[in-house]
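Please open the structure in your viewer and keep the selection panel at hand. The tour below proposes one selection after another and says what is to be found at each stop.

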Amino acid sequence: MFWKDRGGLKPGTKRVVPIPVGPKISESQLLTPVPVLRPSLGPDTAVSGRLSFTVPTRIDGRLRGEVRATDLLVVGEDALVEGVVRALKLVVLGEVRGDIRGAERVEVGPGGRLMGTVETQSLVVKEGGCLDGDCRISPPRTALRVVHPVPATTA
């Protein structure tokens with residue numbers, strides 16, 4: 001929680017100041033139901049490097065590098081991600097330039113722009129969304145079953 005002193009308050013008194021997360025898109029506009037998202041990069045943030053997330057996350061800033069998400073990753077309306085994205089589910093409302101690898105589902109929302117190579121099991125581009133690149137739609141991965149031969153018995 002972020003705290004900020006405000007003039008006119010008694011010394012030592014703190015007031016909670018809400019942090020804006022950026023414009024919200026209504027859930028009815030998306031095919032993927034959106035759980036509560038943890039905003040990780042605000043609109044004023046720019047980062048270079050590798051980021052990893054294990055909970056549903058929203059990026060509203062600028063990221064150059066690699067991002068991995070074991071759950072839902074939402075790229076907000078004003079966000080720009082340049083590099084490699086590995087996410088279980090990806091919703092693009094802003095701009096992604098680079099490779100999307102190993103996703104179960106990629107959704108480009110209205111106003112979203114995806115430029116690069118996409119490798120996913122399911123791809124949805126909503127009206128008003130833009131996809132400029134190569135796509136590879138692969139079937140869901142199935143678990144491998146190893147069968148060992150039974151040795152022949154001798155009589």
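The stops run from the whole chain to its strands, its core and its salt bridges.

**The whole chain**

Begin with everything selected, bearing in mind that this is a predicted model. Shown as a cartoon, the protein chain has zero helices and ten strands, so that, by the definition of these elements, the order from the N terminus is β-β-β-β-β-β-β-β-β-β. If you switch to a surface, the accessible area of the protein chain comes to about 9900 Å², with 54% of it belonging to carbon and sulfur atoms. Buried residues account for 30% of the 155 residues in the chain. Among contacts between residues at least 6 apart in sequence, 9% join residues at least 24 apart.

**Colour by confidence**

Next, colour the chain by pLDDT, for which the mean is 78, with 68% of the residues reaching 70 or more. Among the elements, strand 7 has the highest mean pLDDT, at 95, whereas strand 1 (residues 3–4) has the lowest, at 39. Select residues 1–7, where the pLDDT is below 50 and where the model shows 13 contacts beyond near neighbours in sequence. Then select residues 13–23, a stretch that also has pLDDT below 50, with 21 contacts beyond near neighbours in sequence. Where pLDDT is low, the predicted coordinates should not be read in detail.

**Strands 6, 7 and 8**

Now select strand 6 (residues 62–75) together with strand 7 (residues 80–92), which run parallel and are joined by twelve bridges. Within this pairing, Arg68 stands opposite Arg86 of strand 7. Add strand 8 (residues 95–108), which runs parallel to strand 7 and is joined to strand 7 by eleven bridges; here Val84 can be found opposite Asp99 of strand 8. When following the side chains, keep in mind that in a regular strand they alternate between the two faces of the sheet.

**The nonpolar core**

With these strands still visible, show the side chains of Ile59, Leu73, Val85, Leu90, Val96 and Ile100, which touch the most other members of the largest nonpolar core, a set of 21 residues. Strand 6, strand 7, strand 8 and strand 9 are the elements that give two or more residues to this core. Which residues are in contact with Val85, leaving aside its neighbours within four places in sequence? A selection around Val85 brings up Val67, Leu73, Leu90, Val96, Asp99, Ile100 and Arg101.

**Salt bridges**

Turn next to the charged side chains, since side chains of opposite charge can pair when their charged atoms come close. The structure holds twelve salt bridges, and three pairs and one network make up the remaining selections here.Select Glu66 and Arg50, which form a salt bridge with their closest N and O atoms 3.7 Å apart. Because Glu66 lies in strand 6 and Arg50 in strand 4 (residues 46–53), the pair ties together parts that are 16 residues apart in sequence. Is each partner buried or exposed? Glu66 is buried, with a relative accessible area of 15%, whereas Arg50 is exposed, with a relative accessible area of 72%.

Move on to Arg58 and Asp60, whose side chains meet in a salt bridge at 3.1 Å, N to O. Arg58 counts as buried at 5% relative accessibility, and Asp60 is buried with a relative accessible area of 4%.

For a further stop, select Arg64, Glu82, Glu95, Arg97 and Arg113 together, as these residues are linked in a network of salt bridges.

**Strands 9 and 10**

Finally, select Glu119 and Arg136, which form a salt bridge with the closest N and O atoms 3.8 Å apart. Glu119 belongs to strand 9 (residues 113–125) and Arg136 to strand 10 (residues 130–137), so this pair ties together parts 17 residues apart in sequence. Glu119 is partly exposed, with a relative accessible area of 25%, while Arg136 counts as exposed at 54% relative accessibility.

Asp134 is also found in strand 10, and at 53% relative accessibility Asp134 counts as exposed. A distance drawn from C-alpha to C-alpha between Asp134 and Glu119 gives 8.5 Å, for residues that are 15 apart in sequence. Leaving aside neighbours within four places in sequence, Asp134 is in contact with Gly116, Thr117 and Val118.

Key
Residues are numbered from 1 along each chain as its sequence is written. This is a predicted model: local features need pLDDT of at least 70, side-chain atom pairs count only at pLDDT 80 or more; totals for chains, interfaces and linings use all residues. Side-chain values use heavy atoms; hydrogens and water are left out. Two strands pair if DSSP finds at least two bridges between them. Helices (H or I, at least four residues) and strands (E, at least two) are DSSP runs, numbered from the N terminus. pLDDT is the predictor's confidence in each residue, from 0 to 100. Contact means heavy atoms within 4.5 Å. Buried means under 20% relative accessible area, exposed over 50%, partly exposed in between (1.4 Å probe, protein chains only). Accessible areas come from the Shrake-Rupley method with a 1.4 Å probe; for residues, only the protein chains shown count as cover. A salt bridge is a side-chain nitrogen of Lys or Arg within 4 Å of a carboxyl oxygen of Asp or Glu. A nonpolar core is a set of buried Ala, Val, Leu, Ile, Met, Phe, Trp, Tyr and Cys residues joined through side-chain atoms within 4.5 Å.
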